[in-house]
Amino acid sequence: MLKAVLIPRRLVMIFIALGLLVLCFVYGRWDWLLVPKYQKLIATGVWNTVSLLIITMALGMAMAIPLGLAQAAGPWYLARPAQLFCGLIRGTPLLLQLFLLYYGVGSLFPGIPGIRESLFWPILRDAWYFAVFGLSLSVAGYEGEVMRGAFKGVPHGQLEAAKAMGMPRLTLFWRIWLPQALHRVLPTLGGETVLQMKATPLVAMITVTDIYAVSNRVRADTLIIYEPLLMLALVYLSITGCIVALFWWLERRIPTRTA
Amino acid sequence: MQSLGVLGASTLDLLAFAPPGWGATLLRGLWNSVLIAVGAYGLGLGIGVAGAYGKLYGSPWVKDLLAIYTTLVRAVPELILILILYFAVTDAVNQMIMAFGGGRIEINGVVAGIAVLGVVQGAYSTEVLRGAILAVPAGQIEAARAMGMPAGLLARRITLPLMLSYAIPGLANLWLTVTKDTALLAVVGFAELTQATRQAASTTKAFFTFYAAAGVLYLILSIASTFLFSRAEKWARRGQRRTGD
Amino acid sequence: MKKLAFATLAALALGTAALAEPVKIGIAAEAYPPFASPDASGNWVGWEIDFINAVCKASEMECAITPVAWDGIIPSLTSGQIDVIMASMSITEERMKTIDFSDKYYNTPTVIVAAKGAVATPDAAGLAGKIIGVQASTIHEAYVNAYFAAGAAEVKVYQTQDEANQDLAAGRIDATQADSIAMDAFLATEAGTACCETVGAVADDPAILGAGVGAGIRKGEDDLKAKINAGIAKILEDGTYDTITKAYFASSIYGG
């Protein structure tokens, strides 16, 4: 690793990059970073962005597995709806989906009597749940397609061998099919997680206070334009770095046996 | 129940092409979206071809700089890149011109949109095309070199046609991405389809009708382009099938 | 040589541009009735649109109305995508640090509008424990953060006032703070009448709420500022301003 950096050419590049950073820091306005109010907001924002990412990736993958399975091996009455769902999610912009979910559903509330006294009201009034729901559906749509390929890609011989051994269908799924399919998607999962992270700032459009919303607040309060955006870029770069490192570590831990 | 009524009888009136229907406004938005998508896709492809060649055959400096470009663009959300490029780049262009003693120029929304999304697309195109060029059998290129074919002709006659079949699936995905990314320009207020829909919805309060209608328009665009790209892939693979027979 | 060529090219482009290019008047790309909202044929209509056209005519400028996102309207001005902001923007100290303003052209009170019976008084006590919605990058966002945020359950930030109103009607927020006239327009709609009421005007704080609405201009462009001020003065004097106002409102909105 270090050897790759210690080439004169790269040292010059690092030097220039550092110089640019210092210039940004010296000539930019960063005093807002010292205000406790904003520090607290930034911490909340980063926390919301990261937890939104983790929750929606987990929920989305949980939905993607049955979606992929239905498309790869399900009867037509399961395969067709699953296909339709993936097509709908993949064919329309996430921003539009979020608007439809949050404001579209919200516009129906005044017409439903008693909704504000109902059990679900705390969820229905909170944008956070709509963001979680919308982003999870998005992961499900994209990963459902990926899982379809992964399920189909598991060698037939493996499944036939298990069947021949008299393995019950459910055990076969949990022990053979699913682990091998997941193993196939693992190398792409890091990239998909980065893509999902890049989708999270859209939730600010439906009033969720993620890190993007926080930078907007700083921009609005201080009328500083570029510095909060630069901070944002740095935050997202760091999160990407963490994701890449995490998956690199994960991939090394899981032994590669299948071809 | 009033809001449910909006869904029923008056939906067609709201979507009619002639005012007071908003159909024409939505279609204008769609046209803007397609225009920007085509422009950004083209620009992205241009950057991609140059970037892929640079990454494969460029000097070490070029390779490293391109690596920085593709990594940065692919690690930061498009929304933030759009804001940074939209404000910072137009600002920089103006500052530069003013430094030369000129006055401000106005950069129109379509051009700014194309430039911004094109730069983002360029990073992804670079990777797709680089992969595709690498997939071209080395023997083909070596054979052409051995025959003394000049580099430009080699690229035009051998590498580009051969890599096209490998590149098309990736490029098809990028096209679908850019059509959806145009929606992000709603955030800077550009009147593409999502922004037009948002305005129609908030003026008429028929949120469901308009967001659903826009969804259908995006879907039609996506289905039509998927069809065209699969045709294109078949066309690009025509030579390979014959050799396979 | 290259530099010279570039400069000539730029000058050439600009020389022709300066003759033909109209002044780009930036408005917020959102429905903000009765000041500015899009109609079904894609035109913008409203009091402020009529006002812009009148000012441009009075000061003999060729203007092009350019919608941009409210949230980025000041960066759009400073980065040169628009030349003037005329989007119901209040003249405040904070904004004066970044941009310049023309004379004010209207001034209306700031009010709290809430779900019926939800909020008793338009102050910190009345809003304690409530969810308040405000539009991003407005004086209202600044005011609510300064006075009400500490006691409120939550402050939700919307990209457009219309979306805040939408959530107020849906019952997701208890109250919103905004311009009285814009809120009157909302309260006159079916959804607004059904759900909400004006609680009252908030206590004035000129440092945050500013001194009326003016046109935003880049710093140092004094010619443009003088032209716009002259235009405003002229239509105030010759009665055009009153004619436009009468078409939309029962009383004057010029304010004190």
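**Exercise 1. In this predicted model, find which residues Leu95(A) touches, leaving aside those up to four places away in sequence.**

Solution. Start with chain A: Leu95(A) touches Leu202(A) and Met205(A). Then turn to chain B, where the residues touched by Leu95(A) are Ala183(B), Leu184(B), Ala186(B) and Thr194(B).

**Exercise 2. Place Leu95(A) in the largest nonpolar core, and state where this core lies relative to the two domains of chain C.**

Solution. The largest nonpolar core has 192 residues. Leu95(A) and Ile132(C) are the residues with the most contacts inside this core. Its largest share comes from helix H7 of chain A (residues 127-153), which gives 12 residues. In chain C, domain 1 (22-107 + 211-248) and domain 2 (110-209) both give residues to the core, so the core lies between these domains.

**Exercise 3. Describe the contact between chains A and B, and the make-up of the chain B side.**

Solution. Count by chain to begin with: chain B brings 34 residues to the contact and chain A brings 28 residues. Next, assign the chain B side to helices. At least two residues each come from H1 (2-7), H4 (60-75), H5 (78-99), H9 (193-204) and H10 (207-236) of chain B. H10(B) gives the most, with 10 residues. Last, sort the chain B side by residue class: 24 residues are nonpolar, five are polar and five are charged.

**Exercise 4. Describe the fold of chain A and set its radius of gyration against that of a compact globule.**

Solution. Take secondary structure to begin with: chain A has 11 helices and zero strands, and its pattern along the sequence is α-α-α-α-α-α-α-α-α-α-α. Then take the dimensions. The radius of gyration of chain A is 23 Å, whereas a compact globule of 259 residues would have one near 18 Å. The C-alpha trace of chain A spans about 70 × 65 × 30 Å along its principal axes. Now consider burial and contacts. Of the 259 residues in chain A, 37% are buried. Among contacts in chain A with a separation of 6 or more, 79% join residues 24 or more positions apart.

**Exercise 5. Locate Pro179(A) and decide whether Pro179(A) is buried, exposed or partly exposed.**

Solution. Pro179(A) sits in helix H9 of chain A, residues 169-199. A residue counts as buried with 20 or more C-beta neighbours within 10 Å, and as exposed with 12 or fewer. Pro179(A) has 14 C-beta neighbours inside 10 Å, so Pro179(A) is partly exposed. As for distance, Pro179(A) and Arg80(A) are 99 residues apart along the chain, and their C-alpha atoms are separated by 25 Å.

Terms used. Residues numbered from 1 in each chain as written. Chains lettered and ligands numbered in written order. Predicted model: local features only at pLDDT ≥ 70, side-chain atom pairs only at ≥ 80, totals over all residues. Contact = placed C-beta atoms within 7 Å. Helix = DSSP H or I, 4+ residues; strand = E, 2+ residues; numbered from the N terminus. Nonpolar A, V, L, I, M, F, W, Y, C, P; charged D, E, K, R; others polar. Rg over C-alpha atoms; globule rule 2.2 N^0.38 Å. Core = buried A, V, L, I, M, F, W, Y, C linked by C-beta atoms within 7 Å. Domains from an automatic or database assignment.
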